Amino acid sequence: MDFLPRLWCGFGALLIAVGIGLGAWHAHGLTEQLDSHAYTSFGRGLQQQYIAGLGLLAAGILLRGGASRLGHMAAAGIFVGAVMFCGDVYIGALTGEGFGIAPMGGSITILSWVLLGGDILFSGDRLKGFK
């Protein structure tokens, strides 16, 4: 497996592992500390983090067989967008005011998913497992 597909799998696993830790804190440590809106926002950030982590694991596996630059850029965008979105949501939920980058992170993530889907859809025989 090439370096970049391993990197996406590693980043995906890292997002999931951190998400599980934050999820435990959310369920057991934040229930009394946050108001209902902040608690719900934190939970939505967790959902997006899990989705991004699983998506990066899948992208790393799919892109191992001769991915294009577009596929790798999409995977990078999923990671960066998830960190921006989820990080800002978490900070906003915990402090009452984030940095205001969640919309940009969300937009990057959405665009990256579209690019990854297009890369897979139009890959021809380039990607293993899609012949």
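Me: What makes alanine 24, found in helix H1, count as partly exposed?
Reply: Its relative accessibility is 37%. Buried means under 20% relative accessible area, exposed over 50%, and partly exposed in between (1.4 Å probe, protein chains only). The value 37% falls in between, so alanine 24 is partly exposed. The model is predicted: local features need pLDDT of at least 70, side-chain atom pairs count only at pLDDT 80 or more, and totals for chains, interfaces and linings use all residues. Residues are numbered from 1 along each chain as its sequence is written, and side-chain values use heavy atoms, with hydrogens and water left out.

Me: Why is H1 called roughly antiparallel to H2?
Reply: Helix H1 (residues 3-28) and helix H2 (residues 36-62) pack at about 155°. Angles under 35 degrees count as roughly parallel, over 145 as roughly antiparallel, 65 to 115 as roughly perpendicular and the rest as oblique. The angle is over 145, so H1 is roughly antiparallel to H2.

Me: Why is the pair of phenylalanine 11 and phenylalanine 79 called stacked?
Reply: The ring centres are 4.2 Å apart and the planes lie at 15°. Rings of Phe, Tyr and Trp (its six-membered ring) pair if their centres lie within 6.5 Å; planes under 30 degrees apart count as stacked, over 60 as edge-to-face and the rest as tilted. Both values fit, so the pair is stacked. Phenylalanine 11 sits in helix H1 and phenylalanine 79 in helix H3 (residues 69-95).

Me: How do you know that phenylalanine 79 is buried?
Reply: Its relative accessibility is 17%. That is under 20%, so phenylalanine 79 counts as buried.

Notes: Axes are lines fitted to C-alpha atoms, for helices over the stretch in contact, and angles run from 0 to 180 degrees between N-to-C directions. Helices (H or I, at least four residues) and strands (E, at least two) are DSSP runs, numbered from the N terminus.
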